[in-house]
Amino acid sequence: MNITAVREISLAVNAAHRFIYLVPESARQAAELGVTDRAPAYFAFRSAPMGAVAWQVTLATFYNFSPRAVRSMTGVWDAAPPERWQAARYTAAEHALRRVGVGLTDDQIAEARSLIDPVVAAADYAGKPLAAANASVPLPPDPLTALWQQVTVLREWRGDAHLVVLADNRLGPCDCNVIHTATGRLPTPIVRATRQWDDEEWAAATERLVTRGWLETDGTATEAGTAARERIEVETDEHCAGLWAPIGATGARRLVELLTPVDEAFTAAGTYAQLS
């Protein structure tokens, strides 16, 4: 499997999945379950496929969030069991997909499923807890939402693989956020607000990365740090290459084409403006 094709399909999968964290439909569904705070709702929605796990299990699988951030989900399974959270997530996704008018025909959805389903079915889920949990969840009846759930399985599969690579590179949960923002992949204020590492923890992580030669003392990325961050992405791509073997580079690139309208529709609707 061509590594360039792996990167392309990985980016397309993430782009087709990510709207769920930002659309108002998710907040409305969470509020109907009695949770109005964004953080606990996020953790409940994303970890629901694993069942009523303790917050410490979610922390272990999410990696780059601080314990204080994940601890906020305490009580979400009392508000509603995981099955209801999963159903609510499907409802949010379906309503959002309809609202923005994703331009996929029934035939295109069916073609996308013919490509993505064999990948999900053949995937090795050893060491991939979030992907395995999502693969075990029954698909919803709406065809486009069902396609989105299959995308979610593969998005979490790469995420699970990425955590292994981060750990192998001795890049801890706070450190990976610091280098991530320093290399311009996400705005620092958004990461600081959502991952909730405090000033002392962020400064300590910055100091560790300065010692490694990955950051300047002012927190900007060095050439070595930028190269290291890209190497981690390449190693993750290499880890994922076998995942796409059932459809090969040609099938993966066709799937990119079929998934692109999802991201285009949400981008046009202004869903990601807050990330600028």
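Against which helices do the buried residues of α8 pack? The points below address this question and related features of the structure, which is a predicted model.

1. Helix α8 covers residues 106-122. Its buried residues pack against α10 (143-168) and α15 (248-268). The residues concerned are Ile109, Ala112, Leu115, Ile116, Val119 and Val120.

2. The length of α8 can be checked by a short calculation. At 1.5 Å a residue, its 17 residues should span 24 Å, and the C-alpha atoms at its ends are 24 Å apart, so the expected and computed values agree. The helix nevertheless has a kink of about 25° at Ile116, shortly before the proline Pro118. Ile116 is also one of the buried residues of α8.

3. Helix α10, one of the partners of α8, passes the corresponding check. Its 26 residues should span 38 Å at 1.5 Å a residue, and the end C-alpha atoms are 38 Å apart, so the two values agree. The helix is mostly covered, with 20 of its 26 residues buried. Just after α10, Arg170 takes a positive phi of about 55°.

4. A further helix pair deserves attention. The axes of α3 (residues 38-47) and α7 (residues 82-100) come within 8 Å and cross at roughly 95°. An angle from 65 to 115 degrees counts as roughly perpendicular, and α3 and α7 are therefore described in that way.

5. In the contact between these two helices, Ala41, Ala44, Phe45 and Arg46 of α3 meet Trp85, Ala88 and Arg89 of α7. By class, the residues of this contact comprise 5 nonpolar, no polar and 2 charged.

Terms used: Residues are numbered from 1 along each chain as its sequence is written. This is a predicted model: local features need pLDDT of at least 70, side-chain atom pairs count only at pLDDT 80 or more; totals for chains, interfaces and linings use all residues. Side-chain values use heavy atoms; hydrogens and water are left out. Helices (H or I, at least four residues) and strands (E, at least two) are DSSP runs, numbered from the N terminus. The expected span of a helix is 1.5 Å times one less than its number of residues. The bend at a residue is the angle between axes fitted to the seven residues ending there and the seven starting there. Buried means under 20% relative accessible area, exposed over 50%, partly exposed in between (1.4 Å probe, protein chains only). Contact means heavy atoms within 4.5 Å. Axes are lines fitted to C-alpha atoms, for helices over the stretch in contact, and angles run from 0 to 180 degrees between N-to-C directions. Angles under 35 degrees count as roughly parallel, over 145 as roughly antiparallel, 65 to 115 as roughly perpendicular and the rest as oblique. Ala, Val, Leu, Ile, Met, Phe, Trp, Tyr, Cys and Pro count as nonpolar, Asp, Glu, Lys and Arg as charged, and the others, Gly among them, as polar.
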